[in-house]
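Student: Got a minute to look at this one with me? I'd like to go through it piece by piece.

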Amino acid sequence: MNLTYEEAYSKLEIILEKLESKSASLDESLSLYEEGIKLYKHCNKLLENAQLKITKFSQLGIEEDFNIMEE
């Protein structure tokens, strides 16, 4: 999956709206659910990677540089 977090989250919101509207057939709902799970996992992976980068920056002391720039 080659989507940004924002793209994946937006698609996930659309899927949730469709599922909540209860207008989809059972087969369509199952397909939407499956796609939603994939998007959810993709979003989680991107968030985990972002968290890992922040942790690495913090360990390198780069966080202190951000604090200096804010002052």
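**Tyrosines, a glutamate and confidence**

Tutor: Sure. Let's start with Tyr5, which is partly exposed, at 28% relative accessibility. Keep in mind that this is a predicted model.

Student: OK, and Tyr9, what's its relative accessibility?

Tutor: Tyr9 comes out at 39%, so Tyr9 counts as partly exposed too.

Student: How many aromatic pairs turn up in the whole structure?

Tutor: Searching the whole structure gives 1 aromatic pair. That pair is Tyr5 and Tyr9, with ring centres 5.8 Å apart.

Student: Why does that pair count as stacked?

Tutor: Because the ring planes of Tyr5 and Tyr9 sit at 20 degrees, and planes under 30 degrees apart count as stacked.

Student: And how far apart are Tyr5 and Tyr9 in helix α1?

Tutor: They are 4 residues apart in helix α1, which means about one helical turn separates Tyr5 from Tyr9.

Student: Switching topic: where does Glu35 lie?

Tutor: Glu35 is in helix α2, which covers residues 26-59. Glu35 has a relative accessible area of 36%, so it is partly exposed.

Student: What separates the C-alpha atoms of Glu35 and Leu12?

Tutor: Those C-alpha atoms are 8.3 Å apart, while Glu35 and Leu12 are 23 residues apart along the chain.

Student: Last thing, where is the confidence lowest, and where is it highest?

Tutor: The lowest is helix α3, residues 62-70, with a mean pLDDT of 56. Helix α1, residues 5-21, is the highest at 96. Across the protein the average pLDDT is 88, and 86% of the residues score at least 70.

Terms used:
Residues numbered from 1 in each chain as written. Predicted model: local features only at pLDDT ≥ 70, side-chain atom pairs only at ≥ 80, totals over all residues. Heavy atoms only, no water. pLDDT = per-residue confidence, 0-100. Helix = DSSP H or I, 4+ residues; strand = E, 2+ residues; numbered from the N terminus. Buried < 20%, exposed > 50% of the residue type's maximum accessible area, 1.4 Å probe, protein only. Phe/Tyr/Trp six-rings, centres within 6.5 Å; stacked < 30°, edge-to-face > 60°.
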